Amino acid sequence: MTLLKALLLAALMLSPSLFSQDSSLSRCFYLATCGAGEGCGIRLMEAGGGAGLRSLQFLPLDFASYMAFSPDGKYLYVSLEHRKQGGLASFQIGEDGFLSRRSELLTPGLDFCHLVAAPGGKYVYAASYGSGKLVQFDLEEGVLKDWRVVLSHEPVREGDTPHLHCATLSPDGRNLCLVDLGLGVLESIPLEKDGSLRWEGLRRTRVAPPGSGPRHLVFSQKHPVAYLVNEIANTVMVWRYRQGDFELLQSIPVAPAEPSEVDSYAAAIRLSPGERWLLVSNRGRDSLAAIPVVDGGLLEASALVQHPVDKWPRDFAFLPGKEPMVAVACERAGTLQLFAWEEKTGLASQPLREITGWKRPLAILPLP
């Protein structure tokens with residue numbers, strides 16, 4: 001791309017017309033701000049329209065963390081990230097995206113990261129980071145009725161500490177996939193038709209080298225692969241996925257090779273709307289690393305692009321629409337940043353809009 005073209009692209013990205021009253025550019029998402037007290041909870045945010053970026057609704061909720069939708073999109077489930085007493089909360093989603101409280105269930109001694117609602121709407125599975133346990137929550141029309149520990153990870157080597165971080169579904173919805181950052185393992189567990197777990201089919205894959213710190217897993221919808229980000233090693237891995245089995249195909253760095261005065265810890269991982277790019281957020285280096293996706297879902301490491309963002313980007317998400325955008329939650333800066341995204345080139349603009357002064361903006365979930 002020539003300098004002139006780049007300048008023209010930047011000008012278009014920053015043009016006020018991007019936030020016109022065209023309803024096709026208006027899109028909403030939920031933002032969780034973690035902590036306790038004033039300003040902590042769940043916000044319904046709108047990006048686009050004449051206001052640019054604004055909060056439409058705020059519901060106080062102490063220690064709000066990652067979020068997930070029910071299979072039918074009627075309910076929102078929110079994990080509570082507190083070491084002494086975590087839990088889950090559920091909300092009913094109105095036609096306009098506004099939330100109403102449904103239920104809350106506390107779990108003494110268990111704190112939660114990722115969570116996922118199983119097909120059928122009867123169960124939510126939540127990963128407890130501090131304990132290394134998988135917890136099953138029973139549901140009835142979006143109401144949390146009961147909970148139980150269904151899997152407890154134990155150390156396999158001296159010095160290991162279980163830290164179950166990610167729980168997600170395979171693309172076909174037939175397997176629950178887990179990532180343990182402390183043990184360095186990937187697991188898949190088949191699901192019955194009602195969403196319950198079929199334990200005899202559990203499969204475990206070790207992530208090498210030890211100490212890589214596998215954190216989050218995302219599946220391609222175009223290729224039979226999954227992408228795993230390693231928090232400590234600052235790498236992303238491409239795995240061939242077949243009916244619960246993982247086979248490593250590629251591993252590449254997501255932070256520059258040159259020495260740095262700051263440590264970097266990879267965090268969130270997302271595929272762009274057209275799956276032409278894989279993005280990873282780097283905390284410490286404070287950037288989004290964009291890597292082209294090529295044949296078969298592999299990554300073109302030599303073409304990695306770094307986009308600077310505010311301090312400690314814990315999570316980010318693509319907001320679909322006529323003009324795609326990227327929303328970034330910068331936890332330690334207390335900032336929510338909004339960027340325009342160019343799918344063909346992998347270029348992001350300077351921040352179009354940003355809101356500062358929040359406690360620990362942590363997780364972003366676009367409306368279905």
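The largest cavity in this structure has a volume of about 30 Å³. The model is a predicted one, so keep in mind as you read that every value here is computed from it.

**Empty spaces**

Rolling a probe the size of a water molecule over the atoms shows where empty space is left. For cavities of 30 Å³ or more, the count comes to one. Around the largest cavity you will find Leu-279, Leu-288, His-307, Val-326, Phe-339, Trp-341 and Ala-348. Six residues of this lining are nonpolar, one is polar and none is charged.

Now look at the largest pocket, which holds about 1200 Å³ of space. Its lining has 34 residues, and nearest its centre lie Thr-168, Val-218, Arg-270, Leu-365 and Pro-366. Several strands supply at least two lining residues each, including strand 4 (64-69), strand 16 (214-219) and strand 29 (361-366). By class, this lining has 25 nonpolar, six polar and three charged residues.

**Nonpolar cores**

In soluble globular proteins, nonpolar side chains tend to be buried together. Here the largest nonpolar core has 39 residues, and Tyr-30, Ile-42, Met-67, Leu-76 and Phe-137 have the most contacts inside it. Apart from that core lies another, of 17 residues, among them Tyr-227, Val-229, Val-236 and Leu-299.

**A serine to look at**

Where is Ser-170? Find the loop between strand 12 (164-169) and strand 13 (175-180), and you have found Ser-170. Is Ser-170 buried or exposed? Ser-170 counts as buried because its relative accessibility is 4%, and buried means under 20%. The side chain of Ser-170 makes a polar contact of 2.6 Å with the side chain of Asp-172. A polar atom of the Ser-170 side chain also lies 3.4 Å from the backbone nitrogen of Arg-174. Leaving aside residues up to four places away in sequence, Ser-170 touches Asn-175, Cys-177, Phe-219 and Tyr-241.

**Unusual backbone spots**

Most residues other than glycine have a negative phi, and most peptide bonds are trans. Asn-234 has a positive phi although it is not a glycine, and Glu-275 likewise has a positive phi. The table sets out these two residues.

| Residue | Phi | Loop between | Relative accessible area |
|---|---|---|---|
| Asn-234 | about 55 degrees | strand 17 (225-230) and strand 18 (235-242) | 10%, buried |
| Glu-275 | near 55 degrees | strand 20 (265-271) and strand 21 (277-283) | 12%, buried |

One more spot is worth finding: a cis peptide bond, with omega about 0 degrees, joins Ala-208 and Pro-209. Pro-209 sits in the loop between strand 15 (203-206) and strand 16.

How values were computed
Residues are numbered from 1 along each chain as its sequence is written. This is a predicted model: local features need pLDDT of at least 70, side-chain atom pairs count only at pLDDT 80 or more; totals for chains, interfaces and linings use all residues. Side-chain values use heavy atoms; hydrogens and water are left out. On a 1 Å grid over the protein atoms alone, a cavity is a set of points where a 1.4 Å probe fits but cannot get out, and a pocket is an open set with protein on both sides within 12 Å along at least five of seven lines; lining residues have an atom within 4 Å of a point. Grid points are joined across faces, edges and corners, and a volume is the space filled by probe spheres set on the points. Ala, Val, Leu, Ile, Met, Phe, Trp, Tyr, Cys and Pro count as nonpolar, Asp, Glu, Lys and Arg as charged, and the others, Gly among them, as polar. Helices (H or I, at least four residues) and strands (E, at least two) are DSSP runs, numbered from the N terminus. Buried means under 20% relative accessible area, exposed over 50%, partly exposed in between (1.4 Å probe, protein chains only). A polar contact is a pair of N or O atoms within 3.5 Å; within protein, one must be able to donate a hydrogen and the other to accept it, and residues adjacent in sequence count only if both atoms are side-chain atoms. Contact means heavy atoms within 4.5 Å. A nonpolar core is a set of buried Ala, Val, Leu, Ile, Met, Phe, Trp, Tyr and Cys residues joined through side-chain atoms within 4.5 Å.
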